[in-house]
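Open the structure in your viewer, show it as a cartoon, and keep the selection tool at hand. The stops below go one after another, each with something to select and something to look for.

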Amino acid sequence: MYIYLGLFKILPAPAKPASAEPIRPIQSFTVGVRRGGRQRFGHTEGGRCGDRRPFCTPTRNRTAPMGKEESPQVTRRTTRSSSSATVATKTCDPHPLTIKDLVFGEDPISLNDLLSKFPGRRIQILELVRLLGASNSPMLPLFIYGGTSSGKTSIVLQMFRHLNRPFVYSSCRTCYSPRILFESVLNQLLLHRKDAANVYSSAKRCERPSDFVNFLREALSNVINNFKGNSGKLGTKKLVGQADGNMVYLIFDNLELIREWDKSLTILPFLFNLYDILKMPEVGIIFVSNTSPDTYYSNMGYMEPIPVYFPDYTEDDLRQIFMKNQANRKLYSSFLDVVLRSFCRITRRMDELSTAFLPLFQKYCEPLHDLGVVPNEEMKRRLFSHLQPQIAPSLNEVFKVSSQSSPAAESNKETKKKSSRRKLGVCAEIDELDFHMSTSAKYLLISAFLASRNPATLDASLFDSMGGIDSRKRKRKSSQKSLEKKENAEQELLMKGPGTFPLERLLAIFQCLTSVAEGSIDEEEQGDEGLGVQGGDGGLMSDVLLQLSSLCNANFIVKGGSCPLEGSTRYRSTVCEDMALKVARSLKFPLSKYLYRR
Amino acid sequence: MGRENTVEEALNLLRSRLCNPSFVFKPLSDSPDSNYSKLKFIISSSVTEACNNSILLLGPRGSGKIAVLELVLKDLLLEFPDLISVIKLSGLLHSDDNCAFKEISRQLCAEHQLLFSKMASFDDNSQFMIAMLRECGLAHKTIIFVLDEFDLFAQGKQRVLYSLLDAMQSVTSQAVVIGVSCRLDADQLLEKRVRSRFSHRKLLFLPPSKEDLQRLLEHILSLPVDSTISHDYAVEFNAKLQNILADEKFKQIIITYMDSDATVNHLLRFLFRAVSYMDLGSGFLSLENFKTAFSNIQRQPKLECIKVLESLSLFVIQFLLTLGHLSGLDCSILELHILVCMKRLEVKEQNSYNFNSVMKEYKSIRASFQMSEYYAWNICLRAFEHLLQRELICFTDNRGQNQSVEFRPAKLLISSHELQQGLKSYRSCPAILLKLMDREV
């Protein structure tokens, strides 16, 4: 079985792959979005700032635009222990949210740390820093886009940690409808937390863009006035955790998902025009999307935001990322020499590569007793020859997470979307069946497969004589014309895919198959009386229907639309031939005999 | 440190100017035949003569319709502080009738210190509006309705437009309806009963001429010499700016950039990017800033960049190439293979194809060229899905949702020319792919 990786943000450090954390229920996610939700996006860097040398003050070069902002760092550093203590208490004892909670909530990091955190993203980070500008300067809307797992969200969030400015982050993945999106933005701005006391309700109820704009304007001007008042009162002295400047940034992540919403035709232009509608220079708007701006064109135009492109990582970038946080860098580097190039030809997505490399590296290390060893040339050769037979097969399994890998992977299966399951769950080319299935379910699967592949008109001739297709019949008509026909039919099969069938046909075929199988069993074991074929069709039928529905749930069989003439539901088998043959082999059932070959 | 502060202050000033449309459009409005003067004349005459009026402001998105209108309204509010109240609606927010009337009543209440009830019904609100129109007419007060995205109000039954314009037919009322739209045929969208009540005044907003553009650039980018920013710095800054503005290369960049879209807002976005690249060390804008901004703002997701390049002068192309911004297609080799296979299927005029046929083609290519690498069916399927996600390919129809991916017919979303350019600029593209692409084999 496959796991659809795109749903999860996978940490780039291969040492801790596949943040096997299942998606949390929406409510707890939005409740904990300030402390819990954000930190999850940080690249496993939670403990890293502690490892830094205590006084590696960032080089204050004159060209760095943020040079001035780094000055309060010394004061912050002395009070870090106290601030981190409050962070720890906050998680267990929720305190009333204050305006300070609009910033990232951890110690700000320097620009150099930010750059070293994200290898291969130097250009993009510097560009973003410049576009965001100094602490009080207004900004036109930005549109950040790039392929999956190219670090867009992490970089934007860490960027705000570095800048220490207030922002509101809402992802259109967790906020899956306009109302939830609007309310999530407002809740954060109004410093509202959903909890048991307010029955997990939002601060404002707002469904329409017009209400949203009114509320948003009010909330934003409150927040901004608050900041202005604070900075006026405090003068030059800054409190710990105090945000810089009086800009507020709204970040909308996963914007591409909005296109599939019901109201996408009005919501998208609205969001893109939000900056012009609000007319507040203190608001910066940042969109983060998977797909390029061209995919958002509609017949209703809008002012295009400023595009910032995050290209896919190059091979060198990937190497740098993989080398981060490695215990034995030399060893891992020699491992990457072996595998990285060939895998890069297939995919350059960090999430997929890191899952593929984890088991491979374990294989690579198998002959070693001491993982801290520095490999020399001879050892590298030995390790390479050990690994080489594994590479080719695993290249073809890049996207597969072996099913016995972890219990977390199993739970992921439950959460992944139905559509993705349909795409992937079907055509597993596994050497042998690695899942359990009852015998009758197997027969049902085979009969569904036959019903999908064979033309309905041939059913009678196939199953009547209990012997499958007569081979003599087929040989007779191999004329020129029929050959052409055969080619056309093959083409059609490729194009159209498996056919649909009504339930009755499936059950009829199923009965034929089981009776044949029963017969063969009876022949072998004469003494054993029939296992209840004649014991009543009724019992069998109800059982079969149950099996059918469980097969449907597993997406081996897909329920299609109903036939307009008959009015009954039609089914379609999505199992590929290899799989069906495998199942048949496990039953010792002669499937190919019943398969109509054109 | 003082110097650094000055530079930062200057940068901040420039950025806030770029984000403030009313500053940008100020200089374009002083001549007597500008839209500003015309609009001001129309509105002020209907205020002073106490009559009803309606106007459409038409022009492409980002040509400053709203900005000019705001300038006019600001001036008029200063001139006749007690005679005008402004109600602003946007088609994006209030195209729904119910919503529109509610918003009108809300703003009227806020304007006249009345208590607004959220519970008021549609009928209450519309009657309230008509009553308010009458009252204001009696008090010789003009209500100005600004309808942004006017074309969106013309959807559905146009009840808002009708009741507004119908109320204005009476002698007692005194209102101006200003529609703002980027659809030039906005008045054709109106129903007959609405159209007959609408005066067909239209103001067209055209892109700025070359001279205006030059003036605009100078207006936006030069620093004031008499402000908190130090005088010497401002003078030096402006001198350098003049050099850049006079530079032929700079003019070339601006002209090519404005080729695709000549509106002012389009220019602003470019300037914003250029200004944010300003070197804080030296503290002056340079031609390099504009070049970098130009190369970064040209997008290349589906290689539109290449199309644009054909029209560019040579130096810009060389510049882009040196920057390495022509990375082209951002796919893995396997994905490129699939794209080329699809391209070949399209050339073969196979009327529709799906993943299975692509795989057939891929296998035949592999067999005939003895390619060493072999990727299994499911790996290719995943690469195919990546392409779908990047929207380089898509399914031809939405039917067959419950069909598996491999059977749904697909099509390419990039032209063969783009694909070819992308392959050529791909860093390590296998030579065989280029050959296959050219149908040499």
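Which residue stands opposite A:Ile286 in strand 4 of chain A? Select A:Ile286 together with A:Leu142, for A:Leu142 is the residue that stands opposite. Please bear in mind throughout that this is a predicted model.

**The strand where we begin**

Now widen the selection to strand 4 of chain A, residues 283–289. Seven of its seven residues are buried, so strand 4 of chain A is largely enclosed by the rest of the structure. If you show the side chains, you can follow two sets: A:Val283, A:Ile285, A:Phe287 and A:Ser289 point one way, while A:Gly284, A:Ile286 and A:Val288 point the other way.

**Its two partners**

Add strand 1 of chain A, residues 142–146, which pairs with strand 4 of chain A in the parallel sense over four bridges. Then add strand 3 of chain A, residues 248–253, which also runs parallel to strand 4 of chain A and is joined to it by five bridges. Here you can pick out A:Val248, whose bridge partner is A:Val283, and A:Tyr249, which stands opposite A:Gly284. Strands of a sheet pair through backbone hydrogen bonds, so displaying these bonds is a useful way to look at such a pairing.

**The whole sheet**

Step back to see the open sheet of five strands in chain A, whose order is 2-3-4-1-5 and whose pairing is parallel. Strand 2 (167–171) and strand 5 of chain A are the edge strands, each of which pairs on one side only. From one strand to the next, the twist averages 15°.

**A helix with a buried face**

Next, select helix 7 of chain A, residues 122–132, and highlight its buried residues, A:Gln124, A:Ile125, A:Leu128, A:Leu131 and A:Leu132. Seen down the axis of helix 7 of chain A, these buried residues fall within an arc of 130°, so they line one face of the helix. Among the elements that cover them are strand 1 and strand 5 (306–310) of chain A, and also helix 14 (264–276) of chain B. Just after helix 7 of chain A, look at A:Gly133, which takes a positive phi of about 75°.

**An annotated region**

Finally, select residues 332–384 of chain A, where an unreviewed UniProt entry places the feature "domain: ORC5 lid". Over these residues the chain is 70% helix and 0% strand, and the end C-alpha atoms are 12 Å apart.

Terms used: Residues are numbered from 1 along each chain as its sequence is written. Chains are lettered from A and ligands numbered from 1 in the order in which they are written. This is a predicted model: local features need pLDDT of at least 70, side-chain atom pairs count only at pLDDT 80 or more; totals for chains, interfaces and linings use all residues. A residue is buried if 20 or more other C-beta atoms lie within 10 Å of its own, exposed if 12 or fewer, and partly exposed in between; C-beta atoms are placed from the backbone. The arc is that of the directions from the helix axis to the C-beta atoms. Two residues are in contact if their C-beta atoms, placed from the backbone, lie within 7 Å. Two strands pair if DSSP finds at least two bridges between them. Axes are lines fitted to C-alpha atoms, for helices over the stretch in contact, and angles run from 0 to 180 degrees between N-to-C directions. UniProt positions are given in the numbering used here, feature names are shortened, and annotations may be inferred rather than shown by experiment.
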